[in-house]
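Grab your viewer and a coffee. Here are a few exercises to work through, each with a solution you can check as you go.

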Amino acid sequence: MNQANDILFVASLLVLVSIFAGSASSRFGVPFLLVFLGLGLFAGEGGPGGIVFHDYQLTYSVGSAALGIILFDGGLRTRFATVKLVAAPALALATIGVLVTAGLLAAAAHFALGLGYLEAFLVGSIVASTDAAAVFFLLNVKGMALQKRVSGTLEVESGINDPMAIFLTMICVELLRLGQPPDTLHLAAQFLLQMVGGLVIGAVGGFLLVALFNRVPVAGGLYPIVAMAATLLIFSGAHFVHASNFLAVYVAGLVLGNRRHRGAQVILRFYDGLSWLGQIIMFLLLGLLMTPAEMEPYFIGSTVVAVLLIILARPVAVVLCLLPFRYTMREIGFVAWVGLRGAVPIFLATIPVLANVPQAEVYVTAAFVCVVASLALQGWTIGPVARFFGLELPPSPEAPTRTEIDLGSALDRDIASYRVEPEAPALGYRFLELPLPRRCRIISVIRDGTVMDRTRLESLQPDDYLLVLAPPEQFFSLDRLFAARRKPTRKRRERGEEVFGEFILTGDTLLGEVANLYGVPIDETDRNEPVGAYIRRRLRQRAVVGDRLRVGPVELVVREVRNERITSVGIELEPEEHPFLRGFRRAFGFD
């Protein structure tokens with residue numbers, strides 16, 4: 001009884017300290033996950049805490065469940081439009097990219113750690129995949145707005161590349177245990193079963209979960225519990241039939257997050273907290289598991305492997321996988337740098353330990369050093385690197401005062417309550433001329449506690465409260481309308497850090513081609529005019545880099561000027577706000 005109480009006391013204390021330490025360290029740009037890992041080391045056997053923890057089986061089991069929850073949460077927040085945008089390149093990175101990375105790192109581990117080729121390939125396989133927890137967490141917690149194609153590629157890749165890494169790891173472990181190569185045809189069938197089985201089970205589970213929420217009403221507070229139970233059921237069920245359970249829960253979350261169902265908002269809020277808890281527990285356990293004294297013999301060789309992973313193996317794999325899809329060198333450079341490693345490599349390194357593979361300590365040490373190096377170097381520099389490559393989108397609005405009311409699946413719209421912020425774009429319009437997104441309607445305006453007559457209202461004022469009926473996918477557009485625009489800092493303006501749109505066109509692109517794709521309201525006489533010349537004529541001045549011109553649903557941004565001629569134009573547009581994204585990419589060579 002006392003032992004259980006001691007465990008509960010220490011565990012809860014570590015979680016609380018992790019949360020507040022992470023919040024304090026974030027002011028200095030330190031990645032939260034690195035803080036959680038460091039606290040685990042501090043409290044462990046080799047640190048002042050002195051907690052002796054060597055339970056690899058518990059770490060494997062808890063880490064598996066936590067990672068499944070994190071992947072489900074990642075799927076909930078990923079839009080189908082994003083998946084369609086990056087499906088092929090992300091799949092290439094998740095399969096070919098993992099294999100290429102593992103192969104290159106095998107050569108490095110062979111020489112740096114003095115391992116045989118099979119043992120070295122096992123090291124490469126363990127650290128070859130990017131980590132969903134690290135990618136989802138660090139890309140979002142930094143508050144950056146990245147180009148959709150870049151952020152989508154990283155997120156979808158990290159959500160689907162675990163099966164390949166697990167498959168390669170399990171093959172190597174079996175070869176080391178049995179000493180003979182398995183049948184090639186059997187390996188291919190096993191991999192196909194994992195990928196296809198995970199995809200099918202996840203899709204079926206997601207649709208069944210949507211149907212369950214919509215047809216079987218339960219108490220409001222039980223929706224998140226049902227979702228969590230279903231997540232673990234799909235995760236464990238896929239494992240029973242030898243399918244990829246990680247892929248299954250990611251796809252299930254993707255299906256659920258993109259379909260109308262009851263309890264959507266409360267599930268998202270619950271999983272936001274649950275995902276945080278999963279990451280804290282995972283990284284604390286991994287920190288407790290590691291003992292610096294046991295890592296010392298392999299530390300230098302593992303550091304060499306980590307450095308080559310960051311500067312050689314990952315970049316080569318990304319170049320090979322993304323060049324065929326016409327990614328720019330800036331996009332390739334950023335994707336190559338943000339190949340974040342997190343809990344997954346250490347989680348995979350426990351497999352050789354549990355299988356009693358000789359020299360199992362070397363795999364754990366190599367994985368740990370690669371994770372720390374990735375979080376410290378790559379995780380700490382995501383923002384500066386995004387700005388260096390010019391991939392960070394303009395500053396997003398300040399977080400709006402928005403409360404959502406879920407109307408369930410009977411309607412395809414929900415109600416959101418907004419407080420109009422000072423300097424919000426909506427204040428510059430007459431009330432009846434507000435540029436509301438499609439199918440959005442203001443149903444009530446409350447000013448100083450009084451419901452205003454909308455028919456006699458001239459304009460909105462700061463601190464007005466609104467009730468808006470809108471499709472959930474339009475909330476982002478409403479946020480931009482009613483929230484104050486965050487202005488670039490003076491330091492960023494002095495450095496000239498202007499950020500451009502998601503797509504880039506040459507200045508010679510005809511305006512009519514853009515108009516056809518987006519329904520831009522232009523005169524017929526302007527259709528054959530180049531975009532660059534059109535911007536100059538409308539602005540009635542010499543164009544400079546950073547000039548903007550709003551044309552219907554798009555904003556044209558001057559990206560490059562040569563000899564007073566606009567040679568490159570950026571386009572800013574949210575993919576969820578238009579139905580022609582794929583046509584645009586095909587028309588201008590982005591597909």
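What follows is a set of exercises on this predicted model, each with a worked solution.

**Exercise 1. The chain as a whole**

Work out how many helices and strands the protein chain has, and what share of its residues counts as buried.

*Solution.* Start with the secondary structure: the tally is 23 helices and nine strands. Next, burial: the chain has 591 residues, and 52% of them count as buried. Then look at the surface, where the accessible area comes to about 26,900 Å², with 61% of that belonging to carbon and sulfur atoms. Finally, check the contacts: take those between residues at least 6 apart in sequence, and 74% of them join residues at least 24 apart.

**Exercise 2. The cavity**

Find which residues line the largest cavity, and say which helix gives the most to that lining.

*Solution.* First, count: with a floor of 30 Å³, there is one cavity. Its volume is about 50 Å³. Second, list the lining: Thr59, Gly63, Met282, Leu285, Leu286, Ala343 and Phe347. Third, map those residues onto helices. At least two lining residues come from each of α3 (56-76), α12 (264-289) and α16 (343-354). The top contributor is α12, with three residues. Last, sort the lining by class: five residues are nonpolar, two are polar and none is charged.

**Exercise 3. Rings against rings**

Classify the pair made by phenylalanine 246 and phenylalanine 347: what are the distance between ring centres and the angle between planes?

*Solution.* For context, the structure holds nine aromatic pairs. In this one, the ring centres of phenylalanine 246 and phenylalanine 347 are 5.9 Å apart and the planes sit at 85°, so call it edge-to-face. Now place the partners: phenylalanine 246 is in helix α11 (residues 245-257) and phenylalanine 347 is in helix α16, which puts them 101 residues apart and makes this a link between distant parts of the chain. Both phenylalanines are buried.

Try a second pair, phenylalanine 270 with tyrosine 271: the centres are 5.9 Å apart and the planes are at 80°, so this pair is edge-to-face too. Check burial here one partner at a time. Phenylalanine 270 has 27% relative accessibility, so it counts as partly exposed. Tyrosine 271 is at 0%, so it counts as buried.

To finish, step back to the network: ring pairs link Tyr60, Phe235, Phe246 and Phe347 into a cluster. Phe347 is also one of the cavity-lining residues from the previous exercise.

**Exercise 4. Two small polar side chains**

Decide whether serine 158 is buried or exposed, and do likewise for threonine 78. Then list what each one touches, leaving out residues up to four places away in sequence.

*Solution.* Take serine 158, which is found in helix α7 (residues 148-160). Its relative accessibility is 0%, so it counts as buried. Its contacts are Leu71, Thr130, Asp131, Ala132, Val135 and Phe136.

Now threonine 78, which is in the loop between α3 and α4 (80-112). Its relative accessibility is 3%, so this residue counts as buried as well. The residues threonine 78 touches are Val83, Glu155, Tyr250, Leu254 and Asn258. One more distance to check in the viewer: the C-alpha atoms of threonine 78 and glycine 152 are separated by 8.2 Å, although the two residues are 74 apart along the chain.

Methods:
Residues are numbered from 1 along each chain as its sequence is written. This is a predicted model: local features need pLDDT of at least 70, side-chain atom pairs count only at pLDDT 80 or more; totals for chains, interfaces and linings use all residues. Side-chain values use heavy atoms; hydrogens and water are left out. On a 1 Å grid over the protein atoms alone, a cavity is a set of points where a 1.4 Å probe fits but cannot get out, and a pocket is an open set with protein on both sides within 12 Å along at least five of seven lines; lining residues have an atom within 4 Å of a point. Grid points are joined across faces, edges and corners, and a volume is the space filled by probe spheres set on the points. Helices (H or I, at least four residues) and strands (E, at least two) are DSSP runs, numbered from the N terminus. Ala, Val, Leu, Ile, Met, Phe, Trp, Tyr, Cys and Pro count as nonpolar, Asp, Glu, Lys and Arg as charged, and the others, Gly among them, as polar. Buried means under 20% relative accessible area, exposed over 50%, partly exposed in between (1.4 Å probe, protein chains only). Contact means heavy atoms within 4.5 Å. Accessible areas come from the Shrake-Rupley method with a 1.4 Å probe; for residues, only the protein chains shown count as cover. Rings of Phe, Tyr and Trp (its six-membered ring) pair if their centres lie within 6.5 Å; planes under 30 degrees apart count as stacked, over 60 as edge-to-face and the rest as tilted.
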